[in-house]
Amino acid sequence: RKEGGEDRPAWDSKLQYVLAQVGFSVGLGNVWRFPYLCHQNGGGAFMVLYVMLLLVVGVPLFFMELAAGQSIRQGSIGVWKHISPRLAGIGYSSCMVCFFVALYYNVIIAWSLFYLGNSFQYPLPWQHCPVELSSNQTVKECAASSPTSYFWFRKALDISDSLDQSGEFNPIITGCLLAAWAIVCLAMSKGIKSSAKVMYFSSVFPYAVLFCFLIRGLMLDGAIEGITYMFYPKLEIWGEVQVWRQAATQVFFALGLGYGSVIAYSSYNPVHNNCHRDAIMVSTINFMTSVLASLVVFVVLGFRAKNIALECVAVNVGRLMEMAASGLSQQWWPWFNISDPKSIDLQEYRQWYSQYGSLLPNITDCDLEREMNKGVEGTGLAFIAFTEAMALFPASPFWSALFFLMLLNLGLSTMFGTMQGILTPLMDNFRLLGRHKTILTVFSCVLGFLIGLLFTQRSGNYFVTIFDDYSATLPLIIVVIFETVSVAWIYGADRFLDDVAVMLHWRPPVVYKFMWKYVCLLAMVGLLTASVLQIVFKWPTYTAWNHTTGSETSLEYPGWALVMLSVLIVTASLPVPVGYLYYLITQRQDQPEEAGMTEQQRERYSKCYSTEPELSNHLPMLNEAGSRPHSTFLPLGMDHYRPLPQQEDEDEDEEEDTEL
């Protein structure tokens, strides 16, 4: 490979690049994490807070990564080694985090494949509880929970009761995981040329599905109640530190900061591409997708909550009719027609209950808002709550297949970016790997599948929780802090903006300098502090499934699991200090060689050092290693300017000889 990436692959079009960046940043978190945070943290008030943090912290950091990747035209390892050799470990930490995320992210894709395969039957297998053949009665575990919960925990995961009970491998999920890794391997085998073609479908298809669900959902009873619940602002939550932490974390993960994937994708761009406009455009699309997904989720959850509330009314009306048949009719008799429960309005029932409910111990309140308050996120939203609602849709298999096909595409487009964050830096910095792209890709996928077997045990879902909660959050925050320090303080914010100005042919606003140096850095340090304090003061727990009671319970992690999650955090963060120590050791080894230089060599070196900066106003300053970093957005022959002062000295010596 030629220095500076002259033979570096490139995107076929700007559309291809934008779809790749959007596909990576818009992932499963937009569908099942953002709506939950809105739901739990004040609805519209949380959205306003999110937008504010997105503008103040998210966009500047996203622009910084885009500009660094596009200008230096390397993966994360090469970029941070170029900007600051002392912090070369940043890139390796990004690769480690990407690998950890890829391990469990593909398991979620495998689950989506399993549900997609089970969607092509009517009625859907999670619509009704199964019956025991021996006793001809409903399975107790399902009767104690719900059909969707039973199908998820018992049929899909066959989950154990705790993390300590590992159990055997789940053969069906193992097969789905193999299929998921095979899809990723085939799509990534030819680098961005092959993955970009898949992006045309995987990035666009989810939007088509979300709009279909929104249109269909708005026709359902309870949709308006769901949307009202979503947008109703509760401004008092702005006084809670926890809400700020969750909003900042969501901004951080929504844009994919620190993974190295943003840098990898932008490194394949033309040098003079307007990455500032890209940063604003992708961030805006990401936020609007989160809002669209939230609308869909709340419309469907509103429909589900309304159905549950109306079923509650029907059950209570049945009890009233039994009481009426036994002659217990009193002054509390309702004014609505109890002979037709379906015609009873929910508000009418609740108004009657508020007046006479205290007189009737067997009658319960049917509160739609209480059902909406039962917030679900992550797998609980996708594989339990949403599937339960879709089972009530007309033509439910069609909508189920559409939903899980959407999840599959959302997961794959993010997975492609995550894998690119691993492969691109390795191929850029190790020429042997760069010459064997396909072998490296296949090896990475095979290794990912073998380690991923950990997640296909009966206790696999608990390991997914460990990786999701701890393998990425703290290490990524640490990575982005060091990225910001590296650019804003070590390399220099003004100098970085000068380089970007050469690249874009215009200088970005000076406000970015203050954002990078102070606002973003302080925000990330605050987020890191809040995250560490939460782990320290709140003992780590996980949610386990109890098959006897058919319900979820909160359990504390066993000692070995705490060691495991600590190892994950340390392993992903360790390359940064190790890289710094390696730099110091190599610098000390180089000092004796420098001490052995002859006086004439030292004098010549000092002349070169003192005169070289006058060559160009846009020349980058010397880095810590004492050498001038090569930057591909500068003229390609710039490195050859270095011996010119030395050549001038030689010419002067020749002139003196001729005069003598």
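## What counts as buried

A residue is called buried here when its relative accessible area is under 20%, exposed when that value is over 50%, and partly exposed in between. With that in hand, take Gln-250: its relative accessibility is 7%, so it counts as buried. Keep in mind that this is a predicted model.

Gln-250 sits in helix α13, which covers residues 241-254. Setting aside residues up to four places away in sequence, Gln-250 touches Gly-29, Arg-33, Phe-34, Leu-37 and Tyr-50. Tyr-50 will turn up again below, as a contact of Asn-286.

## The annotated binding site

An unreviewed UniProt entry carries a "binding site" annotation on Gly-23, Val-26, Asn-30, Asn-286 and Leu-410. Those positions span 388 residues in sequence, but no two of their C-alpha atoms are more than 12.5 Å apart, so they gather at one spot.

Let's look at two of them, starting with Gly-23. Gly-23 belongs to helix α1, residues 14-25. Its relative accessible area is 4%, and Gly-23 is therefore buried. If you skip the neighbours within four places in sequence, Gly-23 is in contact with Ser-203, Ser-413 and Thr-414.

Next up is Asn-286, which is part of helix α15, residues 275-325. With a relative accessible area of just 1%, Asn-286 is buried too. Which residues does Asn-286 contact, leaving aside neighbours within four places in sequence? They are Ser-25, Val-26, Asn-30, Tyr-50, Ala-254 and Leu-255. Val-26 and Asn-30 are themselves on the UniProt list, and Asn-286 is in contact with both.

## Salt bridges between helices

The model has ten salt bridges. One of them pairs the side chains of Lys-14 and Asp-278, with an N to O distance of 3.0 Å. Lys-14 is in helix α1 and Asp-278 is in helix α15, so this pair ties together parts of the chain that are 264 residues apart in sequence. These are the helices that hold Gly-23 and Asn-286. How accessible are the two partners? Lys-14 has a relative accessible area of 31%, so Lys-14 is partly exposed. Asp-278, at 1%, counts as buried.

Helix α15 takes part in another bridge, this time between the side chains of Glu-388 and Arg-304 at 3.5 Å, N to O. Here Glu-388 comes from helix α18 (residues 378-390) and Arg-304 from helix α15, so the pair links parts that are 84 residues apart in sequence. Glu-388 is partly exposed, with a relative accessible area of 23%. Arg-304 has 16% and is buried.

## A bridge at 2.4 Å and a network

Asp-498 and Arg-507 also form a salt bridge, and their closest N and O atoms are 2.4 Å apart. Both ends are partly exposed: Asp-498 has 35% relative accessibility, and Arg-507 has 39%. Elsewhere, Glu-141, Arg-154, Asp-158 and Arg-458 are joined into one network by salt bridges that share partners.

## The nonpolar patch

On the surface, Trp-489, Ile-490, Val-510, Phe-514, Tyr-518, Val-519 and Leu-522 make a nonpolar patch of about 660 Å². Helices α23 (473-504) and α24 (511-537) each supply at least two of the patch residues. Which helix gives the largest share of the patch? That would be α24, with four residues.

Phe-514 is a handy one to pick out if you have the structure open. Phe-514 lies in helix α24, and at 43% relative accessibility it counts as partly exposed.

## The hairpin

Strands β1 (residues 541-546) and β2 (residues 551-556) run antiparallel and are joined by six bridges. Within that pairing, Thr-541 stands opposite Glu-556 of β2.

How many residues lie between the strands of the hairpin? There are four, and Gly-550 takes a positive phi near 65° in this hairpin.

Technical notes:
Residues are numbered from 1 along each chain as its sequence is written. This is a predicted model: local features need pLDDT of at least 70, side-chain atom pairs count only at pLDDT 80 or more; totals for chains, interfaces and linings use all residues. Side-chain values use heavy atoms; hydrogens and water are left out. Patches are made of residues with over 30% relative accessible area and no salt bridge: like charges are joined within 9 Å, nonpolar side chains (Val, Leu, Ile, Met, Phe, Trp, Tyr) within 5 Å. Accessible areas come from the Shrake-Rupley method with a 1.4 Å probe; for residues, only the protein chains shown count as cover. A salt bridge is a side-chain nitrogen of Lys or Arg within 4 Å of a carboxyl oxygen of Asp or Glu. Buried means under 20% relative accessible area, exposed over 50%, partly exposed in between (1.4 Å probe, protein chains only). Two strands pair if DSSP finds at least two bridges between them. UniProt positions are given in the numbering used here, feature names are shortened, and annotations may be inferred rather than shown by experiment. Contact means heavy atoms within 4.5 Å.
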